Amino acid sequence: MSRFREFLQNNLVILDGGMGTLLQTRGLKPGEAPERWGLGHRDVTRAIHKAYFDAGSHVVMANTFGANPVRYDGTTLETMVLTAVSDAQAARDESDAPQEKFVALDLGPTGQLLKPFGPLDFEDAVSAFAQVVRLGVRAGVDCAVIETMNDSQETRAALLAVKENSDLPVLVCNAYGSDGKLMSGASPEVMTAILEGLGADAIGVNCSYGPETMAPVVERYLACASVPVICKPNAGLPSVADGKTVYDVDAVSFAASMRTLCEKGVRVLGGCCGTTPEYIRALVRAAADLAPRSLQPKRRTVIASRSRALVLGDRPVMIGERINPTGKRRFQKALAEGDMGYILAEGIAQEERGAEALDVNVGAPGIDEAAMLPRVTDELQAVTDLPLQLDSTSPAALEAALRLYNGKAMINSVNGSEASMDAVFPLMKKYGGVAVGLTLDERGIPSTAEERLAIAERIIGRAAEYGIGPESLVFDPLTMTVSTDGRAARVTLDALHLIRERTGCRTVLGVSNVSFGLPAREVIGSAFLTMTLERGLSAAIMNPKSDAMRGAFLSFLALNGMDEHCAGYIAHAASLPAMQPAAAAGAPASPAQTASGKGLRYAVLKGLCAEASRTASSELDAGRDPLALVQEEIIPALNEVGEGFEAKTLFLPQLMMSAEAAEAAFREIKARAAADPAMQRCPIVLATVKGDVHDIGKNIVRLIVENYGYRVTDLGRDVSPEAVLDAVVRLHAPICGLSALMTTTVPAMEETIALIHREAPWCRVMVGGAVLTEAYAAQIGADAYARDAMAAVRCAEALEAGT
Ligand code: B1M
């Protein structure tokens with residue numbers, strides 16, 4: 001075991017404090033990169049490192065936070081990392097402070113957002129971090145610290161890069177918002193599930209806030225993490241006084257709050273922005289008489305999506321079984337044609353019917369599972385935040401999907417055969433996950449409950465050899481059909497009970513098999529489901545779209561006091577055909593009817609791009625007015641998404657998917673709403689202002705204004721004042737239209753208006769965007785304000801007449 005890993009297991013670990021904020025007091029200018037500046041001021045960074053060691057830090061981070069190939073070319077990067085590490089090592093050698101001392105490679109965000117937030121591919125991010133890690137290893141660092149990450153997927157990329165390119169111990173810190181979530185929506189429980197699964201040595205929080213504000217998030221880590229928890233806060237919140245940035249928590253209060261967190265169980269302590277060697281000295285003093293709290297393995301069986309952690313065992317959970325082509329010709333066709341819209345709709349429909357996780361199986365003749373499973377996984381995780389159960393017998397498909405799954409997946413499945421365990425356990429060890437253990441082996445499915453238990457025990461034993469605990473296994477005692485074997489259900493129920501009692505492991509069951517070959521399958525299926533739940537089943541893989549099955553599941557919860565005020569049951573009852581107006585009752589709906597076919601508004605709301613485009617097209621074919629589609633479907637859907645985003649019920653990936661779906665529909669509408677060539681009016685320059693990427697509203701304005709004969713030059717979004725002026729001057733445009741949707745970008749709008757008025761006095765500026773009002777528009781100097789696209793036309797006409 002590495003010296004640092006052993007140290008981490010047995011001691012409180014003191015990290016260093018702020019680097020960037022200290023460099024600013026030594027001459028680093030705002031906006032300058034510390035790692036580049038450090039190259040020219042090695043004596044300064046070395047002195048800071050030494051001051052931290054002298055203050056009592058066990059771990060000092062090399063000045064490599066921003067050093068990565070996304071920002072620097074190979075040679076610069078190499079020099080940067082090797083120099084930064086060697087300076088930290090020199091400081092360690094110079095310091096005669098008595099504590100153990102280590103040098104860490106510091107890995108911060110690449111500076112580019114990963115898909116779907118930005119342009120960077122997951123694998124490109126992994127490769128970028130990998131380059132830095134290899135340099136760190138060459139330079140001889142003792143450990144790696146990944147920090148200030150606010151996207152779970154980028155955190156995963158960095159951690160995988162460390163794991164694949166070194167055996168360095170790795171500490172991972174995320175930076176949380178005031179809502180206790182990362183930008184990508186992950187909570188401490190989600191990050192714990194993901195990071196422990198990937199093998200982080202310690203996890204926690206850095207930057208963000210001062211220690212007291214950070215405490216609730218840290219306590220959530222302590223409640224669910226089995227590895228040491230890190231707390232590395234700022235010295236409170238920054239403000240500017242006399243032209244200098246100051247922080248509102250002093251060294252003594254900082255140390256006192258950190259001591260309290262240490263008493264609660266935090267084992268790795270340090271400081272971030274605004275903290276100095278004085279803070280670390282105070283912290284070392286405050287924690288001097290404290291011993292590390294012993295690590296308590298939490299043994300939780302938990303799976304997670306990017307924003308939702310699901311604990312198995314607290315109460316039964318419903319896993320949707322419908323993303324599976326077996327026996328479904330329409331699904332097979334969708335797979336063969338790559339019709340993602342159909343598959344995504346199937347996922348969303350199950351979510352709407354109460355599924356809490358989704359099984360994802362794409363195994364069908366002629367389908368390359370190793371390509372299709374990751375593709376479907378990636379698309380599904382963009383439109384739903386339900387945790388996924390990756391269901392495949394192909395290790396290559398499982399690995400490809402596990403790699404890019406932004407969560408901790410359930411893996412369906414491993415079984416008692418040597419080949420299966422040899423294939424699946426290494427994947428689990430590397431990527432994390434909870435495996436479904438099928439109680440069968442090379443000899444097939446045993447006919448007795450005891451034999452199935454024996455296989456479960458063998459699987460637990462083999463998993464342990466890989467360092468995988470029983471909490472990462474959920475056993476499936478296998479359902480056979482009762483139509484061919486009258487004892488089948490009994491054996492399953494007995495095996496379920498035995499496995500639960502003897503191993504303590506959670507259980508899962510695909511319940512539908514029991515009724516194969518029988519009429520009215522849901523009648524007997526729902527009775528069987530109730531029996532399995534009564535025997536303690538943790539998770540049922542079932543059809544949430546079946547009223548009978550869902551009814552049995554929800555009734556069980558209500559009858560066992562697991563459904564507060566019977567709310568789930570009541571909602572289910574309200575959706576039953578018997579409770580609907582007569583017209584709505586009828587044959588069970590097909591997936592196409594339930595999930596898609598619900599109109600454009602629904603498709604935009606759910607972020608279904610293909611569906612949005614298809615629906616827009618068919619509505620237009622049917623003679624629907626393009627403007628009405630925009631006003632009555634797209635805008636209300638986007639407003640609803642925006643409200644959800646504000647209320648934190650929806651997160652950025654969903655916002656992005658809805659925007660993409662709106663744009664897909666919009667492209668259809670635009671193609672059909674061509675301008676009348678007979679009308680030729682004046683040129684208009686149109687742009688969304690600098691810093692603002694919202695352009696859906698501006699695109700609508702363009703569509704309508706063009707329809708009224710104006711010749712629009714659309715400069716796009718995030719357009720600088722100078723670029724707008726250039727176009728206005730070049731076209732000698734009498735009208736310029738600016739759009740802004742955020743309070744933070746209105747100043748850029750004001751700046752653009754002032755520049756145009758100064759340099760192109762013939763041009764009149766009209767503005768719009770949800771954040772503006774008439775009065776606000778006047779205040780920032782606009783010549784006209786338009787509330788919506790039609791008002792923009794009226795404004796343009798008035799401005800044209802006045803020019
Ligand atoms: Co974001 N976003 N977004 N977003 N987004 C808002 C605007 C927000 C209100 C959501 C919220 O918190 N409730 C909020 C702004 C808060 C504020 O400052 N007041 C917000 C935020 C915070 C953000 C990010 C910072 C999120 C983050 O990263 N944490 C980020 C910002 C990125 C940036 O710009 N630097 C961000 C990103 C995004 C997406 C990329 C995911 C996506 C935009 C995709 C795109 O446009 N290509 C997006 C979306 C879709 C929204 C919401 C949900 C919808 C906006 C929209 O398209 N509305 C929005 C919430 C909301 O508004 N309900 C939100 C429909 C559109 C037709 O209306 O643009 O108002 P609108 O246009 C209307 C009128 O205003 C007028 O006519 C149009 C048609 O009637 N009009 C003009 C517009 N421009 C005009 C110009 C004219 C005349 C009329 O003359 C020239």
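**Exercise 1. Decide whether Arg306 is buried or exposed, and describe its surroundings.**

*Step 1.* Begin with the accessible area. Arg306 has a relative accessible area of 5%, so Arg306 is buried. Here buried means under 20% relative accessible area, exposed means over 50%, and partly exposed lies in between (1.4 Å probe, protein chains only). Before going on, please note that this is a predicted model, in which local features need pLDDT of at least 70 and side-chain atom pairs count only at pLDDT 80 or more, while totals for chains, interfaces and linings use all residues. Residues are numbered from 1 along each chain as its sequence is written, and side-chain values use heavy atoms, with hydrogens and water left out.

*Step 2.* Now find the place in the chain. Arg306 is in the loop between β11 (302–304) and β12 (309–311). Helices (H or I, at least four residues) and strands (E, at least two) are DSSP runs, numbered from the N terminus.

*Step 3.* Look for contacts, meaning heavy atoms within 4.5 Å. Leaving aside residues up to four places away in sequence, Arg306 touches several residues, including Ser152, Ser184, Asp385, Asn406 and Pro653.

*Step 4.* Add the polar contact. The side chain of Arg306 reaches the backbone oxygen of Gln381 at 2.9 Å. A polar contact is a pair of N or O atoms within 3.5 Å; within protein, one must be able to donate a hydrogen and the other to accept it, and residues adjacent in sequence count only if both atoms are side-chain atoms.

*Step 5.* Compare sequence and space. Arg306 and Lys408 are 102 residues apart along the chain, and 8.4 Å separates their C-alpha atoms.

**Exercise 2. Find where the ligand sits and which residues are closest to the ligand.**

*Step 1.* The ligand sits in the largest pocket. On a 1 Å grid over the protein atoms alone, a pocket is an open set of points where a 1.4 Å probe fits, with protein on both sides within 12 Å along at least five of seven lines. A molecule sits in a pocket if more than half of its atoms lie within 2 Å of its grid points.

*Step 2.* Around the ligand there are 38 residues, and the closest are Glu663, Val693, His694, Asp695 and Ser739. To belong to this shell, a residue needs a heavy atom within 4 Å of the molecule.

*Step 3.* Sort the shell by type: 21 residues are nonpolar, 10 polar and seven charged.

*Step 4.* Ask which element gives the largest share. That is α25, with six residues.

*Step 5.* Check the polar partners. A nitrogen atom of the ligand is 2.8 Å from an N or O atom in the side chain of His694. A nitrogen atom of the ligand is also 3.3 Å from a polar backbone atom of Gly642. For an oxygen atom of the ligand, a backbone N or O atom of Thr743 lies 3.0 Å away.

**Exercise 3. Describe the position of Thr745 and the residues that Thr745 touches.**

*Step 1.* Thr745 is in the loop between β23 and α29 (746–759).

*Step 2.* With a relative accessible area of 4%, Thr745 is buried.

*Step 3.* Not counting residues up to four places away in sequence, Thr745 touches Val689, Lys690, Gly691, Asp692 and Ala740.

**Exercise 4. Say which residues of helix α11 are buried and what covers them.**

*Step 1.* Helix α11 spans residues 277–286, and its buried residues are Pro277, Tyr279, Ile280, Ala282, Leu283 and Ala286.

*Step 2.* Recall the helix rule: an α-helix has 3.6 residues a turn, so residues three or four places apart point the same way.

*Step 3.* The cover over the buried residues of α11 includes β1 (13–14), α2 (20–25), α4 (42–55), α10 (251–264) and β10 (268–269).

**Exercise 5. Locate a cis peptide bond and residues with a positive phi.**

*Step 1.* Keep the usual case in mind: most residues other than glycine have a negative phi, and most peptide bonds are trans.

*Step 2.* The peptide bond from Asn412 to Ser413 is cis, with omega near 25°, and Ser413 lies in strand β16 (residues 410–415).

*Step 3.* Thr148, in strand β4 (residues 143–149), has a positive phi near 60°.

*Step 4.* Ala520 has a positive phi near 45° and is in the loop between β19 (506–510) and α19 (521–534). Ala520 is exposed, with a relative accessible area of 55%.

Conventions: 1 Å grid on protein atoms, 1.4 Å probe; cavity = no way out; pocket = protein on both sides within 12 Å on 5 of 7 lines; lining within 4 Å. Nonpolar A, V, L, I, M, F, W, Y, C, P; charged D, E, K, R; others polar.
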